[in-house]
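Please find below some notes on the model, set out as numbered points. They move from the aromatic contacts to the helices, the hairpin and the domains.

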Amino acid sequence: MIKHFKPAIILFIILSVLTGVIYPALVTGLAQLLFFHQANGSLMTDSSGKTTGFRLIGQPLSSPGHFWGRPSATGPFPYNAGASSGSNLGPTNPALIDAVKVRIQALKAADPGNKAPIPVDLITASGSGLDPHISPAAADYQINRVAKARHMKPEKVRSLVDANTESRQWWLLGEPRVNVLTLNLALDAVH
Amino acid sequence: MTINSFLQIALYVAALLALAKPLGWYMARVYEDEPAGLNRLLAPVETAIYRLSGVNPKQEMRWTDYAIALLIFNLLGALAVFALQRLQAGLPFNPQSLPGVSPDSAFNTAVSFATNTNWQGYGGETTMSYLTQMLGLTVQNFVSAAAGMATLVALIRGFARRKVDIIGNFWVDLTRSTLYILMPLSLILALVLAGQGVVQTFSPYQTVPLVESVTYEQPKLGSDSQALKDINGNPIMEQVEVKEQLVAVGPAASQVAIKQLGTNGGGFFNVNSAHPLENPTPLSNFLEMLSILLIPGALCYTFGMMVGDTRQGWAILAAMTLVFVALIFVAVPAEQSGNPALAALSVDQSASLTQSGGNMEGKETRFGITNSALWAVATTAASNGSVNSMHDSFTPIGGMAPMWLMQLGEVIYGGVGSGLYGMIMFAIVAVFVSGLMIGRTPEYLGKKIEAYEMKMAAIAILIPPLAVLGGTALAVMVDAGRTSVFNPDAHGFSEVLYAFSSAGNNNGSAFGGLSANTPFYNAMLGLAMLFSRYWLAVPVLAIAGSLAAKKIVPTGPGTLPTHTPLFVVLLIGTVLLVGALTFIPALALGPVVEHLQMMGAR
């Protein structure tokens with residue numbers, strides 16, 4: 001048994017250096033070289049070069065003039081990108097139903113005339129609490145409210161929604177989606 | 001289910017099966033020490049490693065030495081991860097100045113990563129420094145996977161050899177698995193993922209402005225950093241306005257690649273592959289999901305090649321794939337059908353061209369229902385345990401499919417190496433049962449299966465259920481176990497059952513509502529992980545040693561062929577029968593009751 005200790009210890013050190021130092025350093029070097037923008041988090045900047053946000057990280061929005069993203073269960077405030085989290089509420093948990101009711105009320109209060117059924121992703125918390133996207137249906141539901149609050153024509157808002165909609169990757173993978181942050185930044189840039 | 005849903009599932013299964021042969025061929029060449037393509041580049045490195053560590057690659061081991069080497073190596077790994085976590089506050093590459101991890105959590109995580117489970121009681125971005133993530137966790141991601149593959153290869157040699165007492169050199173199998181298989185695949189995957197937007201940087205967390213500021217309330221702290229209270233003893237609250245967003249980043253892509261390929265599953269961030277910077281696009285999702293089952297599937301072909309009959313490998317792969325596909329079509333429709341309680345609130349849960357619909361609580365928009373449920377089935381079929389959606393928020397039936405896949409013993413593809421050696425244990429039981437039925441001595445791949453092999457196979461099959469059911473029973477009986485439960489009623493029981501199913505089968509996924517970062521769960525789940533890893537690996541190596549010493553029996557008219565559809569059915573039957581008989585009572589108390597409550601509440 002003792003004879004196995006020497007190779008075990010030396011091999012463990014060598015493999016640790018190989019997989020725990022050289023490998024991540026190599027990936028970091030190559031990623032920074034080949035994909036500088038993506039490997040640093042796909043940061044967005046405005047025309048003056050100021051950072052405006054992470055393209056892939058959603059933000060908390062609740063004013064009528066902005067499109068709202070998915071509800072977020074991170075603590076202590078929504079879209080806390082320093083501590084990602086889902087709600088972990090089970091489907092039969094009364095707390096889930098209560099939370100959904102509150103979200104429905106908020107949507108209805110901001111847009112009293114809207115009688116359409118609410119798309120499910122707009123009233124359920126995302127897995128990460130940082131989901132940057134909503135479904136096109138969820139964007140559609142909000143177009144009239146945003147247009148009214150901003151005194152814009154709904155068609156104009158719709159064209160911005162379309163411009164920020166991504167279809168399935170290669171027309172097959174994933175789901176069609178609207179990037180809420182880029183959409184709102186585009187809206188703020190217009191108005 | 002939509003047509004697109006079928007297409008995405010079909011593409012996934014097709015890609016998995018198409019890659020089994022080329023990768024399986026490559027791995028067999030590596031383990032048989034034949035040129036496989038990367039030798040010119042890596043052989044000098046390999047030779048240098050042996051020279052430095054004093055290993056003679058030509059000197060093979062008996063099964064006992066092989067097992068001791070495996071155990072010593074894993075013990076060293078666990079100690080190193082434990083030490084790194086405890087000491088990280090004083091070590092470099094800790095830009096957020098994270099403190100040392102508590103002893104019970106550090107024990108749990110060390111065991112978890114050394115046993116290839118990757119159960120996580122902690123949240124990555126709020127707990128682990130970059131150094132711990134790389135030098136502790138990433139290293140174990142590689143070597144725990146390599147140790148599983150080595151154990152499998154030793155077992156295969158037991159079948160392929162005759163009348164010898166040696167089954168290979170553990171140090172060589174470990175080094176080859178890491179150097180020739182896991183590292184090249186991880187390097188490629190990590191770079192593709194970085195191209196898709198997975199972060200890979202040593203910079204500290206970044207701050208960006210918020211479009212709209214948010215406010216929240218928190219207890220006001222006095223100068224002694226204790227919460228201030230008013231005269232009635234209620235805490236005084238203060239408003240905090242947040243105008244900026246602090247975004248966690250780090251060297252994620254390198255770790256994500258190996259956690260998927262090595263069936264580890266431990267996420268860089270708390271929400272694992274649901275995090276947009278860990279899994280940003282549908283393509284990154286497809287590749288990460290494919291990587292979960294890639295090596296376990298291909299090892300079936302490696303097995304066939306090494307025993308000299310590829311049909312044997314295909315038969316096992318067929319059995320795994322049939323169970324896998326069947327459970328996809330349980331989980332995806334269950335999630336797509338949504339939550340009846342929300343339907344009553346006039347929420348639109350139907351699938352259409354503009355939304356995926358279904359039960360979206362805990363799921364990401366870019367993945368929708370199909371990719372979330374498919375991932376849940378793949379990650380629990382393999383003992384991977386990474387998630388791209390929160391399993392705790394799944395519908396009862398949608399959550400039961402992953403739970404049952406773990407309870408089957410992680411043999412539907414299973415962990416790298418461990419899945420196939422687990423499945424071979426079931427194959428041994430299957431030939432034994434059929435041998436009894438036709439009145440012949442059972443044989444598998446030309447080796448007589450006798451009392452010793454049966455005893456060892458029975459231990460390997462029965463230890464995980466013991467850990468799962470025993471652990472669950474204990475946890476729901478004591479206060480320390482019950483207070484951690486988050487969701488009420490039957491779903492709360494499911495949380496505990498899921499936790500022990502995960503730890504007791506080295507999976508690592510969770511019903512995340514359970515507060516598992518407590519001394520009780522850290523200890524209990526840590527023990528479950530240890531039991532189920534080594535009480536399987538050691539009996540498997542014992543069988544390897546026993547089989548290697550046997551002669552090969554020529555096939556005769558009484559031999560049961562083990563590459564036919566009949567055997568595939570027999571093998572599936574054995575797996576399902578053991579899994580069903582053992583776990584149906586427990587499942588009835590959890591997901592089944594909850595399903596009836598959910599449907600009845602309408």
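How many aromatic pairs does a search of the whole structure find over all chains?

1. In this predicted model, the search over all chains returns 21 aromatic pairs. One of them joins Phe6(B) and Phe329(B), whose ring centres lie 5.6 Å apart and whose planes meet at 25°, so the pair is stacked. The two rings come from distant parts of the chain, 323 residues apart, with Phe6(B) in helix α1 (residues 3–31) of chain B and Phe329(B) in helix α10 (residues 310–336) of chain B. Phe6(B) counts as partly exposed at 41% relative accessibility, and Phe329(B) is likewise partly exposed, with a relative accessible area of 31%.

2. Phe159(B) and Tyr444(B) form an edge-to-face aromatic pair, with 5.4 Å from centre to centre and 90° between the planes. This pair, too, links distant parts of the chain, since Phe159(B) belongs to helix α6 (residues 130–160) of chain B and Tyr444(B) to strand β4 (residues 443–444) of chain B, 285 residues apart. Buried or exposed, how do Phe159(B) and Tyr444(B) count? Both Phe159(B) and Tyr444(B) are buried.

3. Ring pairs also build a cluster that takes in residues of chain A and chain B, namely Phe12(A), Tyr66(B), Phe73(B), Phe170(B) and Trp171(B).

4. Two contacts between a charge and a ring deserve a place in this note. In chain B, the charged end of Lys363(B) sits over the ring of Phe394(B), at 4.1 Å from its centre. In chain A, Arg145(A) lies over the face of Trp68(A), 4.3 Å from the ring centre, and Arg145(A) is itself among the buried residues of α4(A).

5. Helix α4 (residues 136–150) of chain A has 15 residues and reaches 20 Å from its first C-alpha to its last, which is close to the 21 Å expected at 1.5 Å a residue. The helix nevertheless carries a kink of about 40°, centred on Gln142(A), and Gln142(A) is buried. α4(A) is mostly covered, with 11 of its 15 residues buried, including Pro136(A), Ala139(A), Tyr141(A), Ile143(A), Val146(A) and Arg150(A). Just after the helix, His151(A) takes a positive phi of about 55°.

6. Helix α4 (residues 103–114) of chain B has 12 residues, which should span 16 Å at 1.5 Å a residue, and its end C-alpha atoms are indeed 16 Å apart. Why can α4(B) be called largely enclosed by the rest of the structure? Nine of its 12 residues are buried, so the description applies to α4(B); among them are Ser105(B), Asn108(B), Thr109(B), Val111(B) and Phe113(B).

7. In chain A, strand β1 (residues 43–45) and strand β2 (residues 51–54) run antiparallel and are joined by three bridges. Thr45(A) stands opposite Thr51(A) in β2(A). The hairpin made by β1(A) and β2(A) has five residues between its strands, and Gly49(A) in this hairpin takes a positive phi near 90°.

8. A domain assignment, automatic or from a database, divides chain A into domain 1 (2–37) and domain 2 (42–190). How far apart do the C-alpha centres of domain 1 and domain 2 of chain A lie? The C-alpha centres of these domains are separated by 41 Å.

How values were computed: Residues are numbered from 1 along each chain as its sequence is written. Chains are lettered from A and ligands numbered from 1 in the order in which they are written. This is a predicted model: local features need pLDDT of at least 70, side-chain atom pairs count only at pLDDT 80 or more; totals for chains, interfaces and linings use all residues. Side-chain values use heavy atoms; hydrogens and water are left out. Two strands pair if DSSP finds at least two bridges between them. Helices (H or I, at least four residues) and strands (E, at least two) are DSSP runs, numbered from the N terminus. The expected span of a helix is 1.5 Å times one less than its number of residues. The bend at a residue is the angle between axes fitted to the seven residues ending there and the seven starting there. Buried means under 20% relative accessible area, exposed over 50%, partly exposed in between (1.4 Å probe, protein chains only). Rings of Phe, Tyr and Trp (its six-membered ring) pair if their centres lie within 6.5 Å; planes under 30 degrees apart count as stacked, over 60 as edge-to-face and the rest as tilted. A charge sits over a ring if NZ of Lys or CZ of Arg is within 6 Å of the ring centre and within 35 degrees of the ring normal.
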